[in-house]
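Me: I am in my first year and would like a close look at a single part of this structure. Please take the loop that holds two buried residues, and then place that part in the rest of the chain.

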Amino acid sequence: MKINHTFFQLKLILIGILLFQIQIGFSQETENSALYKTIMSKDSLLFNIGFNTCDIKQFENLYTEDFEFYHDKDSISDKARFLKTLKNGICSPTRKYNYRRELIDGSTEIYPLYKNGILYGAIQMGTHRFYENTAGSAEQAGSFAKFTHLWLLKNKDWKLARSLSYNHQMTSSAPNKSTLFDNDDLTEKWLKENKVPALGIGIITDGKLKQVKVFGELKKGVTAPYNTIWNVASLTKPITAITTLKLVSAGKWDLDEPLYKYWTDPDIANDPYLKLLTTRIVLSHQTGFPNWRFLNESGKLDFKFKPGTQYQYSGEGFEYLRKALEKKFHKTLQQLASELIFESLKMNDTQLVWNDKIDLSRYAINYDNTGNAYEPTKNKTANAADDLLTTIEDYGKFLCSVLNSEGLSKKVFDDMNAHQITTKKDKYFGLGFEIYDLGNGEYALSHGGADKGVQTLFFILPKTKQGLIIFTNVDDGYKIYIDLLLHYLGENGQKLIDIETK
């Protein structure tokens, strides 16, 4: 009992340190940070070389002299005991089995530790699997476990001071969850089989963007980078919605004021329904407008029904709102969105217009389902409903701000989440977001995007502060949604699928 008490006491101390660091502003390191890369290189030396090839020198060099190892199945070890056990056990010359450790891709979290503003250490947390094999036999999956490592910077070199290994389980007792997206090679192969050139995934946990994964190619032979720039089609609409709702929260705009006071489209100037149009009706897709006026034989804007009485998805409605906003504030939507969203969230790779700021070397070319490329849409004027250019990281920051109600008053946030109109069983439109009723008080906010060579989707769950972002750059990218939803959202993912397909 004393050993278990000591183990959990140390675990609590480390967690306490971590929480304290987060509280005072030192957040999780991103995958492209120098510290993240340094710790991951040390992890590779320790396991890919040290453990997997039984190179004992790696452990001797990387451990501090006062190193301590806490294992939930095998007590506590100091450096000397750990090395002795390693040499006489899994790395013994007479061993019957060979062992291999594999870090679960995307499970790593790294947090810096500071003293008086000076970096002195880092906490690394993650999940790893272990495999074993004998000569002439296939490799077998063994247990998997969570781990927490305390790394300290000693004389300009990183050393492992404390290691905790816990929650060991056999693979068969783990949740029935595909390992597809935890293995880059498998995922890349799967994308090629499905003819999806590139895939971007963002995972939100506890209201924070915890993982960004990008697979595939921008174009043939060019690997898609972590910060790939995507056209996300109608995922533009939530940006326009939140820009507007922030103005409402600040008392500068009214949800229920008629829009004709600021803008009247010449096509409907003489229609009595004109005066019924409000921001609330636009954001909940009840304008009565078609999706786009060019779909009409006349090519002109008209009402298909009385505003506020039915649901009909409409990009024209958002464009109508844009023109009203621009007339009142004498600023473009790009300027308003930059001031209210992009700048404060440091969404430096996000644009509503095609301009010189776009790094074309990172742009994901769009394709049809036979592999032919489309010419990119190069808007010189912001479209409130379509063609936003962004990255997974940038859009993830935006969705986290929505989850955390940043810049929105309580009343406006509640209005945004309210069922403004029913679109099908357990599915509604709020203000700028689709709402899925998942039962037991849980719900999801969502929006999708579809254009030539674009299929994008997100879900965020305000109660649990979870979220999933999916970007693809092909006409039929939607065909991989189900696997992603089930993998990352589990039971809630199945509920979302059921609502959509029933």
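Reply: In the protein chain, residues 24 or more positions apart account for 63% of the contacts with a separation of 6 or more. This is a predicted model. The loop in question is the one between α9 (333-345) and β12 (389-390), and Gln351 is found there. Leu388 lies in the loop between α9 and β12 as well.

Start with Leu388. Its relative accessibility is 0%, and because buried means under 20%, Leu388 counts as buried. What does Leu388 touch, leaving out residues up to four places away in sequence? Its contacts include Trp230, Asn231, Val232, Ala233, Leu235, Thr236 and Ile239. Phe342, Thr350, Gln351, Leu352 and Tyr395 are also touched by Leu388. One of these contacts shows how sequence and space can part ways: Leu388 and Asn231 are 157 residues apart in sequence, yet their C-alpha atoms are 5.7 Å apart.

Now take Gln351. Its relative accessible area is 8%, so Gln351 is buried too. Its side chain has polar contacts with two other side chains. With the side chain of Gln334, the distance is 3.4 Å. With the side chain of Asn355, the distance is 3.0 Å. Setting aside residues up to four places away in sequence, Gln351 touches Gln334, Lys357, Asp387, Leu388 and Leu389. Leu388 is thus on the contact list of Gln351, and Gln351 is on that of Leu388.

Next, the wider chain. There are 12 helices and 18 strands in the protein chain. Of its 502 residues, 52% count as buried. Along the principal axes, the C-alpha atoms fill a box of roughly 90 × 50 × 45 Å.

Nine of the strands form an open sheet with antiparallel pairing, in the order β10-β9-β8-β18-β17-β16-β15-β14-β13. The edges are β10 (222-223) and β13 (421-424); each has a single partner strand, so one side of each has no neighbour in the sheet. Further in, six bridges join β8 (residues 198-205) to β18 (residues 466-472), and these two strands run antiparallel. Ile204 stands opposite Gly467 in β18. Helix α12 (residues 481-501) packs on this sheet and touches several strands, among them β8, β13 and β18. The direction of α12 makes about 95° with that of β15 (434-439).

Earlier in the numbering is helix α2 (residues 34-53), which can be checked with simple arithmetic. At 1.5 Å a residue, its 20 residues should span 28 Å; the end C-alpha atoms are 27 Å apart, which agrees. The helix also bends by about 25° at Ser44. Which residues of α2 are buried? They are Leu35, Tyr36, Ile39, Lys42, Asp43, Leu46, Phe47, Gly50 and Phe51. An α-helix has 3.6 residues a turn, so residues three or four places apart point the same way. Just after α2, Cys54 takes a positive phi of about 55°.

Last comes a hairpin made by β1 and β2, with four residues between them. Ser75, in the turn, has a positive phi of about 65°. The two strands, β1 (residues 63-71) and β2 (residues 76-78), run antiparallel and are joined by three bridges. Within this pairing, Phe69 has Ser77 in β2 as its bridge partner.

Terms used: Residues are numbered from 1 along each chain as its sequence is written. This is a predicted model: local features need pLDDT of at least 70, side-chain atom pairs count only at pLDDT 80 or more; totals for chains, interfaces and linings use all residues. Side-chain values use heavy atoms; hydrogens and water are left out. The expected span of a helix is 1.5 Å times one less than its number of residues. The bend at a residue is the angle between axes fitted to the seven residues ending there and the seven starting there. Buried means under 20% relative accessible area, exposed over 50%, partly exposed in between (1.4 Å probe, protein chains only). Two strands pair if DSSP finds at least two bridges between them. A polar contact is a pair of N or O atoms within 3.5 Å; within protein, one must be able to donate a hydrogen and the other to accept it, and residues adjacent in sequence count only if both atoms are side-chain atoms. Contact means heavy atoms within 4.5 Å. Axes are lines fitted to C-alpha atoms, for helices over the stretch in contact, and angles run from 0 to 180 degrees between N-to-C directions.
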